[in-house]
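Let's take a walk through a protein structure together. Keep the picture open beside the text and look up each residue as we reach it.

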Amino acid sequence: MLCLGIEGTAHTFGVGIVDSSGKVLANSSKTYFPEKGGIHPREAAQFHSTNARGVLNTALEHAKIEIDDIGLIAFSQGPGLGPVLRTAATAARALAVWLDVPIIGVNHCIAHVEIGRLTEKAKDPVTLYVSGGNTQVIAFDAGRYRVFGETIDIPIGNCIDVFAREIGLPHPGGPSVERMALESKRYIPLPYVVKGMDLSFSGLMTEAVRRCRAGFGVNDICFSLQETAFAALVEVTERAVAHTEKKEVMLTGGVAANKRLREMLNLMSEEQGAKFFVPPKELCGDQGAMIAWNGILAHKSGFKQEIKETEVKQRWRTDEVDITWRRR
């Protein structure tokens, strides 16, 4: 069976096609970049609507199949930006009704975990999921993915992007900050906030911007921002590993592209006697293949949805989903 997955939670509209064995046949996308400022939900939704047909056609061409070959539709039901989620959901419903095939709404965060488990053959990892819209430490326990730690204000990707924008670096900010951080080894103390198992990045971002405007070297601040934020992420992940006694650690999400974060997590994993995994870069960020694969897992487990059950869920938490395809 072939599943067509539609991703639409924030910047990216993606279409992935995956077969029941987990082979990715296509993974096409278009990404909205605002001219200035952060993401504008309505503008992003319009961008997705305009590009949806082209992305779909490209995916079908790459997979070398016809639309009638699709046996299942999956889509990102949440969490995410309301207008963007509704655009993806509308496209998914239209295709499911037209093709007369089942439809399944997928939790975006869980899809990141499952595509990583597939490609890396990880069995039961503690996952650090870091992106522009989410920061969570996730592990499976008692039928659900539990959140062992998360941001209490802004996600790490948003922290870096806003910092970069405020000091005049191009969007997306992550690559620019990472590149400039490599030019310094001078650490300037910045707010380090870990509250139990949760994290806070808003004060860190604000102080980093203030220090830049006060005349501190931009390279030094980029280095210090990364070191501070990533140390907090690693600390909380390490605690989750110790608590769960799991022997695998996985990093995913758009910020997983950062080599320094990978280095720090890998070192921690070695010290904890755990294997470290990172999915291929093209499967770390938002894309349709992860949605399609999660749809297949849910469908194989017997999960079903009616069209009326596919309303989007902007604040759909990771730990609210029953994981019907995993026993342990």
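What follows is a tour of a helix, a histidine, some ring pairs, some salt bridges and a cavity. Keep in mind that this is a predicted model.

Let's begin with helix α4, which covers residues 156-166. Is this helix enclosed or open to the outside? Eight of its 11 residues are buried, so α4 is largely enclosed by the rest of the structure. The buried ones are Ile-156, Gly-157, Cys-159, Ile-160, Asp-161, Val-162, Phe-163 and Ala-164. Notice that Asp-161 is on that list, along with residues such as Ile-160 and Val-162. And what do they pack against? The neighbours are two strands, β6 (126-130) and β7 (135-141), plus the helices α5, α6 and α7. Just past the end of α4 you'll come to Gly-168, which has a positive phi of about 90°.

Now hop back to helix α1, residues 41-63, and find His-48 there. With a relative accessibility of 0%, His-48 counts as buried. Who keeps it company? Leaving out residues up to four places away in sequence, His-48 touches Gly-8, Ala-10, His-11, Thr-12, Phe-13, Val-84 and Thr-87. Take Phe-13 from that group: His-48 and Phe-13 are 35 residues apart in sequence, but their C-alpha atoms are 5.6 Å apart in space.

Aromatic rings come next. A pair of such rings is described by how far apart the centres are and by the angle between the planes. How many aromatic pairs does the structure hold? There are two. One of them joins Tyr-32 and Phe-47: the ring centres are 5.9 Å apart and the planes are at 55°, so this pair is tilted. Tyr-32 sits in the loop between β3 (24-31) and α1, while Phe-47 is in helix α1, so the pair ties together parts that are 15 residues apart in sequence. Tyr-32 is buried, at 6% relative accessible area, whereas Phe-47 is partly exposed, at 23%. The other pair is Phe-140 with Tyr-145, whose ring centres are 5.6 Å apart with planes at 70°, so that one is edge-to-face. Both of these rings belong to buried residues: Phe-140 has a relative accessible area of 5%, and Tyr-145 comes in at 1%.

On to the charged side chains. Side chains of opposite charge can pair when their charged atoms come close. Across the whole structure, a search finds 13 salt bridges. Let's look at a few of them.

Start with Arg-144 and Asp-322, whose side chains meet at 2.8 Å, N to O. This bridge links distant parts of the chain, with Arg-144 in strand β8 (residues 144-150) and Asp-322 in the segment after α9 (288-300), 178 residues apart. Arg-144 is partly exposed, at 25% relative accessible area, and Asp-322 is partly exposed too, at 48%.

A salt bridge also forms between Arg-186 and Asp-220, at 3.4 Å from N to O. Arg-186 lies in the loop between α5 (173-181) and β9 (193-195) and Asp-220 in helix α7 (residues 218-244), so the bridge ties together parts 34 residues apart in sequence. Here Arg-186 is partly exposed, with 48% relative accessibility, but Asp-220 is buried, with 15%.

For a bridge within one helix, turn to α6, residues 202-213, where Arg-211 and Glu-207 are four residues apart, about one turn of the helix. In an α-helix there are 3.6 residues a turn, so residues three or four places apart point the same way. The side chains of Arg-211 and Glu-207 meet at 2.8 Å, N to O, and both residues are buried. Elsewhere, salt bridges that share partners join Asp-124, Lys-246 and Arg-326 into one network.

Our last stop is an empty space. How many cavities of 30 Å³ or more does a search of the whole structure find? It turns up one, with a volume of about 30 Å³. Its lining is made up of Pro-191, Tyr-192, Val-193, Ser-200, Phe-201, Leu-204, Thr-228, Ala-229 and Ala-232. Helix α7 gives the largest share of that lining, three residues. Sorted by class, the lining has seven nonpolar residues, two polar ones and no charged ones.

Technical notes: Residues are numbered from 1 along each chain as its sequence is written. This is a predicted model: local features need pLDDT of at least 70, side-chain atom pairs count only at pLDDT 80 or more; totals for chains, interfaces and linings use all residues. Side-chain values use heavy atoms; hydrogens and water are left out. A salt bridge is a side-chain nitrogen of Lys or Arg within 4 Å of a carboxyl oxygen of Asp or Glu. Buried means under 20% relative accessible area, exposed over 50%, partly exposed in between (1.4 Å probe, protein chains only). On a 1 Å grid over the protein atoms alone, a cavity is a set of points where a 1.4 Å probe fits but cannot get out, and a pocket is an open set with protein on both sides within 12 Å along at least five of seven lines; lining residues have an atom within 4 Å of a point. Grid points are joined across faces, edges and corners, and a volume is the space filled by probe spheres set on the points. Ala, Val, Leu, Ile, Met, Phe, Trp, Tyr, Cys and Pro count as nonpolar, Asp, Glu, Lys and Arg as charged, and the others, Gly among them, as polar. Contact means heavy atoms within 4.5 Å. Rings of Phe, Tyr and Trp (its six-membered ring) pair if their centres lie within 6.5 Å; planes under 30 degrees apart count as stacked, over 60 as edge-to-face and the rest as tilted.
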